[in-house]
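Me: I have a model open here and would like to talk through how its inside is packed and how its strands pair. Can we start once it is on screen?

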Amino acid sequence: LDEAQKYLPCISRAHLEISPVADRKGNFEVLNLSVNPVAIAGPKLGRGERDILRPGSCIDFIGTHADGSGITVVYLKIQLEVHDPAAVQLGDDERAGTELLLEALGGAESKALGLSLPTNPYLHGSDQSLPPKASVKLLPAVDESIRKDGQGFLLVLEGSAVRQSFPDHQKTLEGSRDGFVVGRAHQQQLHNEAFSKEVREYLSRDHFRIDPDIGDYFSLTALSSNPIWRSRNGKRRELEKGGPPISLTHGDEIILFTGASDGTPDGPDSLGSLKWS
């Protein structure tokens, strides 16, 4: 308990808003009201982000280790239970919460770490008894263990604001598990050769940063006062300098501002579209 108390400052006065989903009995929508992230069987939810909590699945409260190492830990788990599994409505494509959480924490590798994750009889349709009540306990620092072999990522430059003469083989940047900053001060040759002087005026020396997160997920932080958006499944979310990082995963796009008079990525008077994917 003494160890757990070190994480009390990570719990906000108003941390979550939980509401029932009207057309799915037993399911709840969770809205994160805090700058401190949580996760529900998937990538981290930043402030203002929401996800569905299903029977048997857990809300994971995520923070950095109290020893100051910067390692990511799940310091609290809250599990949703129901008394009548037959009354729960599930989508046809839903998988067990345990399976999804293992996937978020690194798939099969997290099993090898000895993480104790609850079974979910509601989603499997088995005769298992109700899962045990969640307890407040610290879990192992999973981030470093999962990523001990290293896992990088690639960013590909796209958009009409990129000079047509810029070679395709130079449009790829390789990041690492140690974090990665994109900006004029960090990829000087690329920025000088790929963009006109007018476009470069909207690209900061330190524009955005990508850091590793749990499993195959990353976090995106805006370092520039110029607008930045994350696009996921066709939905855009704007980031602000000084604001909390948001989750980033494979398939997402990082869209940059090029001067549109309406403040959009490619509106009137813009110098063209520009994104990293």
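Reply: What follows goes through the cores and then the strands of this model, which is a predicted one.

Me: Which residues touch the most other members in the largest nonpolar core?

Reply: Leu155, Phe208, Ile254 and Trp276 do, in a core that has 27 residues. Among the elements that each supply at least two residues of this core are strand S8 (153-158), helix H6 (188-194) and strand S16 (253-256).

Me: And what does Trp276 touch?

Reply: Leaving aside residues up to four places away in sequence, the contacts of Trp276 include Leu155, Leu157, Leu173, Phe208 and Ile254, and also Lys171, Asp252 and Glu253.

Me: Back to S8, which of its side chains are buried?

Reply: The side chains alternate along S8, with Phe153, Leu155 and Leu157 buried on one face, whereas Leu154, Val156 and Glu158 point to the other face and are not buried.

Me: What does S8 pair with?

Reply: S8 pairs with strand S9 (residues 172-175) in the antiparallel sense over 4 bridges, and Leu155 has Leu173 as its bridge partner there. S8 is also joined by 2 bridges to strand S17 (residues 275-276), again antiparallel, where Trp276 is the bridge partner of Leu157.

Me: Different topic: what is the strand order in the open sheet of 3 strands?

Reply: The order is S1-S2-S5, with antiparallel pairing. Strand S1 (16-20) and strand S5 (50-53) each have a single partner strand, so one side of each is left without a neighbour in the sheet.

Me: How many bridges join S1 to S2?

Reply: There are 5 bridges between S1 and strand S2 (residues 28-32), and Leu16 stands opposite Asn32.

Definitions and conventions: Residues are numbered from 1 along each chain as its sequence is written. This is a predicted model: local features need pLDDT of at least 70, side-chain atom pairs count only at pLDDT 80 or more; totals for chains, interfaces and linings use all residues. Side-chain values use heavy atoms; hydrogens and water are left out. A nonpolar core is a set of buried Ala, Val, Leu, Ile, Met, Phe, Trp, Tyr and Cys residues joined through side-chain atoms within 4.5 Å. Buried means under 20% relative accessible area, exposed over 50%, partly exposed in between (1.4 Å probe, protein chains only). Contact means heavy atoms within 4.5 Å. Two strands pair if DSSP finds at least two bridges between them.
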